[in-house]
Amino acid sequence: MLVYLQIVRWQIHNMKKRIKYLIIIFCLFALCNITYHALRYNSLKKDCSTHIERAIQVGEKYRDEQSEEIRNEYIMELKKLVVAYSKLRDFEKGNKKYNIKLLADYLSSSYDILEVDQDRVYQLSDLRHGLQFLKSDFYDESGRASDSFLTFIKANS
């Protein structure tokens, strides 16, 4: 009987160790997962910021010299920005997610307009101003960037 009790105690002791190790492993996994998502989110935000900067630079070049090559480069930068915002949208909730969807839709419409015909694009400055607003207000919580993009879209509809 004593041997049996000793065996039971030993098994309980081993089970406690295993549970402790499982809890430690689970906590490490959770920590790694949280860290991965935080790094990924920050990387996506940095990508968006980089694409906004690049689109602003190319937009300024296009304002100064309206060539086919620069227009195509501007369209590509806007497309890259839409893709970056679409990836970022998966991480956001509430108003930020809605704002990002609107911005992506307006930017998509904007590069569609630019693709159609170089001579029929009106109020291009509104598109550049919208990008400038995005630079200062990343999620466009003020709505100024969306208003600028919408003005550009309406002028070309």
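**Exercise 1. Work out how many aromatic pairs the structure holds, and describe two of them.**

Step 1. The structure holds four aromatic pairs, where Phe, Tyr and Trp rings (for Trp, the six-membered ring) pair if their centres lie within 6.5 Å, and planes under 30 degrees apart count as stacked, over 60 as edge-to-face and the rest as tilted.

Step 2. Take Y41 and F91: the ring centres are 5.8 Å apart and the planes stand at 55°, so this pair is tilted. Y41 sits in helix α1 and F91 in the loop between α2 and α3, so the pair links distant parts of the chain, 50 residues apart. Helices here are DSSP runs (H or I, at least four residues), numbered from the N terminus.

Step 3. Now Y62 and Y74: with centres 6.0 Å apart and planes at 45°, this pair is tilted. Y62 belongs to helix α1 and Y74 to helix α2, so the pair ties together parts twelve residues apart in sequence.

Step 4. Add the accessibility, where buried means under 20% relative accessible area, exposed over 50% and partly exposed in between (1.4 Å probe, protein chains only). Y62 is buried at 1%, Y74 is buried at 0%, and F91 is partly exposed at 26%.

A note before going on: this is a predicted model, in which local features need pLDDT of at least 70 and side-chain atom pairs count only at pLDDT 80 or more, while totals for chains, interfaces and linings use all residues. Residues are numbered from 1 along each chain as its sequence is written, and side-chain values use heavy atoms, with hydrogens and water left out.

**Exercise 2. Find which residues touch the most other members of the largest nonpolar core, and follow Y85 outward.**

Step 1. A nonpolar core is a set of buried Ala, Val, Leu, Ile, Met, Phe, Trp, Tyr and Cys residues joined through side-chain atoms within 4.5 Å. The largest one has 36 residues, and Y85, L131 and L134 touch the most other members.

Step 2. Two or more residues come from each of α1 (2–64), α2 (68–89), α3 (94–116), α4 (124–136) and α5 (144–155). Helix α2 gives the most, with nine residues.

Step 3. Beyond its neighbours within four places in sequence, Y85 is in contact (heavy atoms within 4.5 Å) with C48, I52, I100, L103, L107, L134 and F138. Y85 also forms one aromatic cluster with F138 and Y139.

**Exercise 3. Compare the end-to-end reach of α2 with the expected value, then look at R71.**

Step 1. The expected span of a helix is 1.5 Å times one less than its number of residues. The 22 residues of α2 reach 32 Å from first C-alpha to last, close to the expected 32 Å.

Step 2. The buried residues of α2 include R71, Y74 and Y85. R71 has a relative accessible area of 6%, and its side chain joins that of E68 through a polar contact of 2.5 Å. Such a contact is a pair of N or O atoms within 3.5 Å; within protein, one must be able to donate a hydrogen and the other to accept it, and residues adjacent in sequence count only if both atoms are side-chain atoms.

**Exercise 4. What are the mean pLDDT of the protein and the extremes among its elements?**

Step 1. With pLDDT as the predictor's confidence in each residue, from 0 to 100, the protein has a mean of 88, and 96% of its residues reach 70 or more.

Step 2. Among the elements, α1 has the lowest mean (87) and α5 the highest (92).
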